[in-house]
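Hello,

Here is the structure I promised to pass on to you. Have a look at it first, and then read my notes below.

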Amino acid sequence: MNKNTDKITGILDQIRILKAKHAELAAATGEDFNIFSILHIRHREVQTHTTILGELLNPHGLHHQQADFLKLFLKKVCTEPEKATFCNNPESYQVRNEERIDEAQFDIMLENDKTRIVIENKIFAGDQYSQLYRLWQDAMKDFDGSVKLIYLTLHGSQPSKDSLKNLSENVVKCISV
């Protein structure tokens, strides 16, 4: 019994060390800092998350960083074969929040002459019936370029089957904040 107790004590000591290192790393990187929580606006998806994200991704935004944020974002969401299509000339993208085309309302739309990237921002809201399917259909409508659909959630959740309807899951890139 003493041998097992020593093992358990050793494991618990290692866990304490790991927790302390994680807390130290979180303090050094600011990982625990969340401006939305501080301002008590974590749940205001449209007025906060979508607006701020759209502004940061805008190569012509008030941040004056040109396409730096957009380049980092595209590097994260595009597969290697897609990079030639979507990452070419990021300065040319126009960014619009809450854009409506036909039946679909796009949270964020990045668009240039050849590509269109649609971001569906799901912080706490659930999917509507056939929502991603409608977004995809309307994003493709009257557009001759390439389209990419991004599903942004807190934890990288998958969209519901009802939201996808007949749309293949591999059309949607799921990412988390």
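Below is what I found, starting with a helix and ending with the cysteines. Please keep in mind that this is a predicted model.

A good place to begin is helix α6, which covers residues 131-140. Its buried residues are Q131, L132, L135, W136, D138 and A139. An α-helix has 3.6 residues a turn, so residues three or four places apart point the same way. What do the buried residues of α6 pack against? Their partners include five strands and a helix: β1 (94-101), β2 (104-111), β3 (115-122), β4 (146-153) and β5 (172-176), together with α7 (161-164). After α6 comes D142, which has a positive phi, near 55°.

Next, the aromatic rings. The structure has 0 aromatic pairs. There is, however, a charge over a ring: R116 lies over the face of F143, 4.2 Å from the ring centre.

Finally, the cysteines. The number of disulfides comes to 0. C78 takes part in no disulfide, and the nearest cysteine sulfur to it belongs to C87, 4.2 Å away. Why is there no bond for C87? Its sulfur lies 4.2 Å from the closest cysteine sulfur, in C78, which is too far for a bond, because a disulfide needs the two sulfur atoms within 2.5 Å. As for their surroundings, C78 is buried, at 7% relative accessible area, while C87 counts as partly exposed, with 24% relative accessibility.

I hope this helps you find your way around.

Best wishes

Key:
Residues numbered from 1 in each chain as written. Predicted model: local features only at pLDDT ≥ 70, side-chain atom pairs only at ≥ 80, totals over all residues. Heavy atoms only, no water. Phe/Tyr/Trp six-rings, centres within 6.5 Å; stacked < 30°, edge-to-face > 60°. Lys NZ or Arg CZ within 6 Å of the ring centre and 35° of its normal. Buried < 20%, exposed > 50% of the residue type's maximum accessible area, 1.4 Å probe, protein only. Helix = DSSP H or I, 4+ residues; strand = E, 2+ residues; numbered from the N terminus. Contact = heavy atoms within 4.5 Å.
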